[in-house]
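Reader: I would like a close look at a single part of this model, followed by the charged residues and loops that merit attention alongside it. Please keep the account connected.

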Amino acid sequence: MNIVVFENTDQLAKACACIFAHQLLTKPNSVLGFATGSSPIKSYEEMVKLFRDGVIDFKEAVSFNLDEYIGVSEESPVSYHYFMHDMLFRHVNLKKTHVPNGLDKDMEKSCREYDALIASFGGIDLQLLGIGRNGHIGFNEPDSIFSAGTQVVQLTKSTIEANTRFFDKEEDVPKTAISMGVKNIFKARKIVLVANGEDKKEAIFNTVKGEIDPKVPASILQLHPDCTLLLDKAAAALL
Ligand code: GLP
């Protein structure tokens with residue numbers, strides 16, 4: 001694991017955008033993996049700046065997002081579709097974007113189709129990740145099996161609590177989601193994980209220094225051949 005610690009989240013976001021810029025400059029038709037949550041927001045802003053400044057171009061690139069809430073429509077402001085559209089997709093010129101469908105009647109089929117779609121594009125070149133306070137990646141909660149492909153997941157109490165800030169009240173937070181599995185994430189050729197703030201310090205410590213254990217899904221990243229963690233000082237405090 002390559003670990004870089006920054007003074008502040010502005011620097012961290014610029015560094016993350018630089019990694020995406022390098023990817024697009026060296027392989028314009030890259031398959032990019034995107035994440036939601038508050039952690040990558042500034043990184044998306046930096047990518048948009050680089051696009052507007054003519055430094056990078058997404059016109060040959062396609063993207064796959066990690067996850068989506070089940071039962072939430074694309075148009076809902078709390079959906080991950082909406083988030084991605086708002087933060088990135090409407091500002092750049094990606095050739096094609098994919099976000100898991102949380103409204104499919106047959107979720108099992110939808111999961112297998114998402115896996116097949118990723119495979120049909122040759123797999124993910126560069127995957128962006130955030131991390132949950134309990135060490136989850138995508139929506140793969142503790143004890144998710146490492147060999148899982150795209151799957152339906154039950155969100156834990158801690159994730160529901162953490163995500164309540166995006167909803168009017170806790171009861172409104174969906175209890176299930178569709179998420180790329182740990183296997184999909186691990187198969188990405190390159191991974192960059194961004195984390196900032198004190199409430200991520202334990203998850204980062206367990207990811208980097210802990211046992212490789214499904215109890216901390218991100219701990220599998222210790223075995224990835226090309227994984228970079230971009231952290232601010234608070235998230236790196238226990239390392
Ligand atoms: C959600 C998302 C994850 C994200 C996590 C952390 O659970 N499914 O992909 O990493 O939230 O979010 P934040 O960056 O807001 O702390």
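Author: In this predicted model, the largest pocket has a volume of about 580 Å³. Its lining is made up of 32 residues, and T36, G37, S38, N163 and R165 lie nearest the centre. Three elements, β4 (67-69), α3 (80-89) and α5 (157-163), each contribute at least two residues to that lining. Of the elements, α5 gives the most, with 4 residues. Sorted by class, the lining of the largest pocket comprises 14 polar, 13 nonpolar and 5 charged residues.

A charged residue to consider next is K200, which is found in the loop between β9 (190-195) and α7 (201-209). K200 is buried but takes part in no salt bridge. The nearest side chain of opposite charge belongs to D199, 5.2 Å away, and a salt bridge requires the nitrogen and the carboxyl oxygen to be within 4 Å. Apart from neighbours within four places in sequence, K200 is in contact with S39, I131, G132, R133, A195 and A235.

Elsewhere, charged side chains do pair, and the structure holds 17 salt bridges. One of them joins D143 and K215, at 3.4 Å from N to O. D143 lies in the loop between β6 and β7 and K215 in the loop between α7 and β10 (227-232), so this pair ties together parts 72 residues apart in sequence. K215 counts as exposed because its relative accessibility is 52%, above the 50% limit. The backbone of D143 also deserves notice: its phi is near 80°, a positive value in a residue other than glycine. Most residues other than glycine have a negative phi.

A salt bridge within one helix is formed by R112 and D115, with 2.9 Å from N to O. Both residues lie in α4, 3 residues apart, about one turn of the helix. R112 is partly exposed, at 40% relative accessible area, whereas D115 is buried, at 18%. K169 and D172 form a further salt bridge, their closest N and O atoms being 3.5 Å apart. K169 is partly exposed at 41% relative accessibility, and D172 is partly exposed at 34%. In addition, K14, E46 and K49 are linked in a network of salt bridges.

Finally, N101 occupies the loop between β5 (96-98) and α4 (107-120). N101 counts as partly exposed, with 34% relative accessibility. Setting aside neighbours within four places in sequence, N101 is in contact with M107, S110 and I178. Its C-alpha atom is separated by 15 Å from that of A35, and the two residues are 66 apart along the chain.

Terms used
Residues are numbered from 1 along each chain as its sequence is written. This is a predicted model: local features need pLDDT of at least 70, side-chain atom pairs count only at pLDDT 80 or more; totals for chains, interfaces and linings use all residues. Side-chain values use heavy atoms; hydrogens and water are left out. On a 1 Å grid over the protein atoms alone, a cavity is a set of points where a 1.4 Å probe fits but cannot get out, and a pocket is an open set with protein on both sides within 12 Å along at least five of seven lines; lining residues have an atom within 4 Å of a point. Grid points are joined across faces, edges and corners, and a volume is the space filled by probe spheres set on the points. Ala, Val, Leu, Ile, Met, Phe, Trp, Tyr, Cys and Pro count as nonpolar, Asp, Glu, Lys and Arg as charged, and the others, Gly among them, as polar. Buried means under 20% relative accessible area, exposed over 50%, partly exposed in between (1.4 Å probe, protein chains only). Lys and Arg count as positive and Asp and Glu as negative; His and the chain ends are not counted. Contact means heavy atoms within 4.5 Å.
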